[in-house]
Amino acid sequence: MAVALPADALAEILRRLPLRSLATARCVCKVWRAIVDGRRLLLPELLPHSVRGIFLMYSDRDYPAFLSHPSMEPDILGKLNFHRLPGQWNRAYVLSHCNGLLLYKDMQGLHVANPATQWRASLPPPPPPLPGRFHKPPHLVFDPAESLHYEVLIVPESPFIEERAEPSKEWPASVWPLCAFSSRTGQWEERAFVREGEAAGMASDEVFQGSNAFGQNCSAYWQGALFVQCNGGFTVMRISLSNNKYRVIKMPTDIGESEYEDVYLGRSKEGLCCALFHDQYMLRILILDDSCGATEWVLKHHIDIYHSVSPVTSVYDENAKEGPWILEDANSAEHYGQLSLQDANKDEDDSNNALLKSKVEWDSDNDDMVDSESEVVQNFIGDISVLGFHPYKDAIFLNLSLDRAAVYHLNTSRVQLLGKVCPDDCYSHTACIKSSFPYTPCLVADSPENKLEAHVEG
C-alpha cells in the first residue's frame with residue numbers, strides 16, 4: 001500500500017525539479033497542482049501573461065513577419081528556423097496560435113513550435129480527405145495550466161458539396177466527425193462530436209453557398225473550449241475536446257449587411273469577443289455571455305473611431321511618427337538566419353534561465369499616443385482592420401491601411417501607435433495582411449515525450 005508523503009516533504013521534492021519537469025509534475029494530479037500553485041513553486045511568469053508581439057501573414061509573402069518592441073526579450077522571429085533549405089524554394093505559413101505555441105505549415109508539412117524556447121515538433125500528415133473535399137486550415141488547442149500536451153483540429157467552415165445537394169440535411173450534423181491530432185498519441189484520428197442545441201441551418205441554405213468573405217477564419221481557446229469561426233464569420237462553433245460535444249453560436253442577424261464589415265473572433269480581457277467594422281469606421285465589440293444559461297452576443301462597444309485615428313499621418317510623411325515597434329520580416333535576409341534561440345539565451349551553466357530574466361512585455365500605455373485633442377488636419381484616409389485583441393487589457397490591435405499598427409484603448413478611446421507594418425520591399429498595390437496572431441510567450445511549453453517523433457519517422 002502506497003504511503004502518501006506529507007505536503008511539506010512533497011513540496012521540498014517538487015521544489016528541486018527543473019522548471020519544465022515541475023510544470024509536468026503540476027499536471028499529474030489535483031494534490032500536486034495545489035502544492036505547486038499554493039506555494040508558488042512554478043513562477044507565474046513562465047505561463048502566458050503578456051503580449052510579446054504580433055505575427056503577420058501577408059498575401060504576397062512566403063514567410064511571416066513579426067512586429068514587436070525591440071527592447072523586449074527574448075528575440076523571437078530572428079531565431080525561429082522555418083526549416084529553410086539552402087538553394088530551395090520554400091514557404092512557411094502561420095495557421096494558428098494558442099497560449100504560446102504556433103501551428104505553421106511549410107513544404108515539409110505541419111509543425112508545432114514554441115518560439116520562446118525553440119522547441120518544435122513535426123506532425124504526421126493528416127488523413128487525405130474524401131474525393132471532392134479538401135482540408136481547411138487546422139486549429140491549435142493548448143492550455144499549459146492544464147497539460148503540456150496539445151491538440152490540433154480540422155474544422156470544416158461550411159457544408160461540403162454533396163451535403164449541399166441534400167435539401168433536408170442539417171449542418172452541421174447532430175454527430176459531427178472531425179479530424180483531430182493529439183500529441184499524447186502522435187496520431188490523427190476521426191473524433192465524433194455530439195451537437196448540443198440547434199444546427200446552424202440546412203446544408204442547402206443560401207447563406208452556406210458563398211466562400212469566406214472575411215478572409216481569416218479565426219479561432220480562440222477560452223474556458224476549456226475551442227471557438228472557431230465558420231460560414232464566413234456568420235457562425236461560431238464551440239467545440240469541447242474534454243467531452244466531445246459542440247454547440248452552434250449564431251452571430252447577430254445584421255452582421256454582413258455593410259460593405260466594410262469584417263468579423264474578428266478572439267479572446268480579450270473580458271472573455272470571448274468579436275470585433276467588426278461597419279460603415280468603414282464604426283467599431284463594434286460584442287462579448288459572448290453565457291452567464292444565465294443562454295448563450296448570446298452582447299454589444300459592449302459601438303464607437304466611431306475616425307476622430308481618434310484621423311490625426312495619424314502616413315508613414316511616408318517626413319514628419320510622421322512610425323511608432324517604437326519594429327517589423328522583423330522573415331523574407332528579408334537582414335532579419336533571418338541568426339543563432340538558434342536556445343544557444344543565444346543560454347547562461348554560462350548551459351541552462352535557459354536567461355529566458356526568465358528577460359523582459360517579455362512592453363507594458364507602457366503612454367508611449368506614442370496620438371493627440372486627438374489638438375486641432376490637426378484630418379490626415380488618415382484608408383481602411384482599418386483588426387489584428388487581434390489584447391488578451392490582458394481592454395484594448396484592440398488595429399491595422400491602419402497597411403501603413404501602421406496601433407492599439408485602440410477601448411475605455412479611453414486613445415490610439416497608441418506601434419510601428420510600421422508594410423515591409424520595405426512591398427511594391428504590390430494589392431498586398432494585404434491575410435492573418436495575424438498576437439503572440440503570448442510560454443516558457444515551459446515543451447511537450448512531454450510522446451509517440452510523435454517515432455510516428456513521423458515510421
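Start with strands β7 and β8 of this predicted model. Select residues 139-142 for β7 and residues 150-154 for β8. The two strands pair in the antiparallel sense, over four bridges. Pick H139 in β7; the residue opposite in β8 is L153.

Stay on β7 and show side chains. H139 and V141 point one way, while L140 and F142 point the other way. All four are buried. In a regular strand, side chains alternate between the two faces of the sheet.

**L103 and its neighbours**

Now select L103, in strand β4 (residues 101-106). Buried or exposed? L103 has 0% relative accessibility, so it counts as buried, the cut-off being under 20%. What does L103 touch, leaving out residues up to four places away in sequence? Show Y93, V94, L95 and S96 first, then H111 and V112. Add P138, H139 and L140, and finish with V152. H139 and L140 are the β7 residues seen at the start of the tour, pointing opposite ways from that strand. V152 falls within the residue range of β8. For a distance check, pick the C-alpha atoms of L103 and N114. They lie 9.2 Å apart in space and eleven residues apart in sequence.

**The largest cavity**

Turn on cavity display. The structure holds three cavities of 30 Å³ or more. The largest has about 370 Å³ of space. Its lining comprises 22 residues. Which of them lie nearest its centre? Select H97, S219, A220, R267 and P438. By class, the lining has eleven nonpolar, ten polar and one charged residues. R267 is the charged one, as Arg belongs to that class.

Next, colour the strands around this space. β3 (92-98), β13 (219-222), β17 (263-268) and β26 (433-439) each supply at least two lining residues.

**From the cavity to β17**

Follow one of these strands, β17. Five of its six residues are buried, and the strand is mostly covered. Select residues 271-278 for its partner, β18. Six bridges join β17 to β18, and the two run antiparallel. They form a hairpin, with two residues between the strands. At the turn end, S268 stands opposite G271 in β18.

**A second hairpin**

Move to β10 (residues 175-182) and β11 (residues 187-196). These strands also run antiparallel, joined by eight bridges. Pick F181 and look across to W188 in β11, which stands opposite. How many residues lie between the two strands of this hairpin? Four do. Select G186 in the turn and check its backbone: phi is positive, at about 70 degrees.

β11 has another partner to show. Select β16, residues 245-250. Here the pairing is parallel, over three bridges. Highlight R195 and its bridge partner in β16, Y246.

**Zoom out**

Finish with the whole protein. Colour by secondary structure to see eight helices and 26 strands. Switch to accessibility colouring: of the 458 residues, 52% count as buried. Then show the surface. The protein exposes about 21700 Å², and carbon and sulfur atoms supply 50% of that area. Last, draw a contact map. Among contacts between residues at least 6 apart in sequence, 61% join residues at least 24 apart.

Methods. Residues are numbered from 1 along each chain as its sequence is written. This is a predicted model: local features need pLDDT of at least 70, side-chain atom pairs count only at pLDDT 80 or more; totals for chains, interfaces and linings use all residues. Side-chain values use heavy atoms; hydrogens and water are left out. Two strands pair if DSSP finds at least two bridges between them. Buried means under 20% relative accessible area, exposed over 50%, partly exposed in between (1.4 Å probe, protein chains only). Contact means heavy atoms within 4.5 Å. Accessible areas come from the Shrake-Rupley method with a 1.4 Å probe; for residues, only the protein chains shown count as cover. On a 1 Å grid over the protein atoms alone, a cavity is a set of points where a 1.4 Å probe fits but cannot get out, and a pocket is an open set with protein on both sides within 12 Å along at least five of seven lines; lining residues have an atom within 4 Å of a point. Grid points are joined across faces, edges and corners, and a volume is the space filled by probe spheres set on the points.
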